[in-house]
Amino acid sequence: MSRKLTFFFLIVGIIAPTIGISYFYLISYSILPIDQDTFLEQNTLLSSTAIAIIILIALNTAIAGYFISQSITKPLRELHEATTELEKGNFDVRTNITTNDELGELSRAFNKSAIALGLMDEEHKQLEKTKSEFFSMTSHELRTPITPLKVQLQMMYKQYYGKLTTKQRETLMNILKNTERLNKIIEDFLEISRIESARLKFIFKKTDIRETVYETMNLMEGFAKEKNIQFKTEFGKLPTIDADPDRVSQVLKNIIHNAIKFSPRDGKIEISAQLKKEFIQFSIKDYGRGMSPKDQIRVFEPFYQVEAGSKEFGGTGLGLAICRGIIEAQKGKIWIQSIEGQGSTFYFTIPLKPIEKIEPIKVLFSPKFEIEKELKEKFISTLGPMGIAEFDELHINNEIEKDKILDYINKLKKERILDEKSSKDFEYEIIKIFGDKPSNENDELVEEDKKIGDIEI
Ligand code: ADP
């Protein structure tokens, strides 16, 4: 903008004096002496003076224009930079435009809005903290009576308090199983509250990943044997890394446990660990029932269980949500690829170097996770089953950002994978998911579509 204004002043500075000086030149020209030599001499003097005056006036106007345009664009730039900071969540940002004009007023209004947003953010954080504390406190309180309850039920079942009929023992066994389930849910809640408040303990130490995988497999061996399931492992060249082997094992256990649960008898589970740039990538592949794209999107949601036959296996539906929390807290990624009826592969990554600060991760009500879910749905509805793999690729490369996804759509358009209209619709939906108002052009396009749709109906 500054360059445009300077250019404008330069042009005005050339045109105005040129016209004025030209008139002056023409008048002076008409009264020059007729004598040839004197005429030439005075004409040259006159024209060079006129040109010098024009250049001087143009330069002066351009310099003045430059300073005037700076005085307009500098505060605008300051406001723009402050808005960008605000967008990033920095509510301490303020503008310092002290002029007594509209820009000054705009600056004061901006500062007031930033203060109000900062207060709202503080309130929101306080509310989150209270929620987290309440959640953690109730889980602790609920766990306290469960342990003695379980012990007394077990003693009763073992007939320490007198002989029981078969029916009474069966009923007691049922109560014990439900108490066990309740205990598991409370334990999971406690783990979630730790993840959400970044209180999850990580003990990083030199870890041989192969050893961690083998130890976890050993723990699962009994359960695998019940269904005669074989484990197969594959390891790339792996360095010894600083990691928390217990947390790696916790995630592995949950995924392997599910893989066994949902595999047929005499099945096979393949576990691999490979070095991928700054991460170690694990994969756990089973040849079980797999799941539909719709279920793949929701499987890391808390309490989500795929309808068909999951309830019979018990479980809380919190296991994978906790795995996601443990992995994302260390800036790793977790995702799934699956084909219904053919099996599933779960992937997760952990960094080679432990991160300095464990991140709090929203597990129960996560706006980020909700956005990712919506995006994934949009990818599938636009690109079909390949949408999941495409989305995961962007996810692994940390490209789940509005601009990067729009670039990706543009690439699909250039490669003619999407036509003009589909890519515009896709863009429109993506912008909407990120909470922005799509441009009028897209609004019109969709409105037009609606009209066309109406006519077709
Ligand atoms: P839980 O196993 O306690 O129900 P999870 O969060 O571990 O909870 O898993 C959520 C749901 O995802 C399971 O109930 C099941 O429906 C589905 N699921 C997980 N792993 C697999 C798998 N390997 N194959 C098929 N379905 C799976």
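Here is a short walk through this predicted model, one selection at a time.

**Start with confidence.** Colour the chain by pLDDT. The mean for the chain is 85, and 89% of its residues reach 70 or more. Now select residues 441-457, where the pLDDT is below 50. Beyond near neighbours in sequence, this stretch has eleven contacts in the model.

**Next, the largest nonpolar core.** Select Phe231, Phe282, Ile284, Phe348 and Ile350. Within a core of 51 residues, these five touch the most other members. Show domain 2 (133-196) and domain 3 (203-364) as well: the core draws at least three residues from each of them. In soluble globular proteins, nonpolar side chains tend to be buried together.

**Zoom in on Ile284.** Which residues does isoleucine 284 contact, leaving aside its neighbours within four places in sequence? One group to display is Leu252, Ile255, Ile256 and Ala259; add Ile269, Glu270 and Ile271, and then Ser344, Thr345, Phe346 and Phe348.

Apart from the largest core lies another one, of 16 residues. To find this second core, pick Ile400, Ile405, Leu412 and Leu418, which are among its members.

**Move to helix α3.** Select residues 102-157 and look for serine 136 within that helix. Is serine 136 buried or exposed? Its relative accessible area is 12%, under the 20% cut-off, so serine 136 counts as buried. Leaving aside neighbours within four places in sequence, serine 136 is in contact with Leu190, Ser193 and Arg199.

**Two backbone spots to check.** Go to glutamine 159, in the loop between α3 and α4 (166-196). Its phi is positive, about 65 degrees, although glutamine 159 is not a glycine. With a relative accessibility of 25%, glutamine 159 counts as partly exposed.

Then jump to aspartate 266, in the loop between α6 (245-261) and β4 (268-276). Aspartate 266 also has a positive phi, near 60 degrees, in a residue other than glycine. At 54% relative accessibility, aspartate 266 is exposed, because the cut-off for that class is over 50%.

**Finish with a helix pair.** Select α10 (residues 367-383) and α13 (residues 420-433). Their axes come within 10 Å and cross at roughly 170 degrees. Angles over 145 degrees count as roughly antiparallel, so that is how α10 and α13 run relative to each other. To see where the two helices meet, show Ile371, Glu374, Leu375, Lys378, Phe379 and Thr382 from α10, together with Phe426, Glu429, Ile430 and Ile433 from α13.

Notes: Residues numbered from 1 in each chain as written. Predicted model: local features only at pLDDT ≥ 70, side-chain atom pairs only at ≥ 80, totals over all residues. Heavy atoms only, no water. pLDDT = per-residue confidence, 0-100. Contact = heavy atoms within 4.5 Å. Core = buried A, V, L, I, M, F, W, Y, C linked by side-chain atoms within 4.5 Å. Buried < 20%, exposed > 50% of the residue type's maximum accessible area, 1.4 Å probe, protein only. Domains from an automatic or database assignment. Helix = DSSP H or I, 4+ residues; strand = E, 2+ residues; numbered from the N terminus. Axes fitted to C-alpha atoms, helices over the stretch in contact; angles between N-to-C directions. Parallel < 35°, antiparallel > 145°, perpendicular 65-115°, else oblique.
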